Amino acid sequence: MQRISRQLLNEATDRRKFLNLSLGAFAVTPFVPFRYFQLSASLSRSLAKDERDSMTPAQVIDELKKGNERFRTGKMVARDYRAEKRSSATGQYPAAVILGCLDSRVPAEIVFDTGIGDTFIGRVAGNVVNDDMLGSMEFGCVVSGAKVILVLGHTACGAIKGAIDDVELGNLTGLLARIKPAITATKFDGEKSSKNAAYVDAVAQANVVVTISQIRRRSPILEDLEKKGAIAITGAMYDLATGRVNFLGQ
């Protein structure tokens, strides 16, 4: 009986040692699925030039889609922003230029679960384009090497409502005038009013399409890069209620 008891005790001790070693290993090196990270392959640094340059525009868009899915489902990457800050201090290699709305509920970096140095972000009410924004996009793609220009609209946009209602207020009047072509371009059966959420969203989506067309028309440089396949110019709509980004396929 004593021999059996000692044997059982030794086996139990061995099991405890094994569990302790196993748990210790996981604490030091947690399992992380390959290519789970957004754009950069490491949590401790920003996107590197060779990583960005090796990606096609389609792959960059796919990474943005994956990032939004992580955001939408609450599975965002646990980033080390201080490490990303340090790694990007001497250079930046963003993969995309995102033109979004001023709306405080649509922070593109968070919506796409990107880190410091991963994306250029431009924001203006109604995500409209002007000469300064076009120059910024040209810098982002031609000088810095970004592969994608994404125009990001969203549901329940206040700027779109203001344009529909012909709001006049200082410099805002001129900004809203840039949205008016989208109102004309919107095909909609139903009440065309800022009080009709479906109509507002339809105009917002049309505004994304119009903005993409203006980028191509007003920047021969960017249009040429897209024709050569060096970049993609596309659009998407963000749903405030669900957190989902729906790409329009331009």
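This passage describes a central strand with its two partners and two loop residues with positive phi. The model is predicted, so that local features require pLDDT of at least 70 and side-chain atom pairs count only at pLDDT 80 or more, whereas totals for chains, interfaces and linings use all residues. Residues are numbered from 1 along each chain as its sequence is written, and side-chain values use heavy atoms, with hydrogens and water left out.Helices (H or I, at least four residues) and strands (E, at least two) are DSSP runs, numbered from the N terminus. Strand S1 comprises residues 96-100, and because five of its five residues are buried, it is largely enclosed by the rest of the structure; buried here means under 20% relative accessible area, with a 1.4 Å probe and protein chains only. Both faces of S1 are covered, with Ala96, Ile98 and Gly100 buried on one side and Val97 and Leu99 buried on the other.

Two strands are taken to pair if DSSP finds at least two bridges between them. S1 pairs in the parallel sense with strand S2 (residues 119-123) over five bridges, and in this pairing Ala96 stands opposite Thr119 of S2. S1 also pairs in the parallel sense with strand S3 (residues 148-154), again over five bridges, and here Leu99 stands opposite Val151 of S3.

Positive phi values occur in two loop residues that are not glycines. Asn127, in the loop between S2 and helix H6 (131-143), has a phi of about 40°, and Asn127 is buried, with a relative accessible area of 2%. Asp166, which lies in the loop between helix H7 (158-164) and helix H8 (172-177), has a phi near 55°.

Conventions
Buried < 20%, exposed > 50% of the residue type's maximum accessible area, 1.4 Å probe, protein only.
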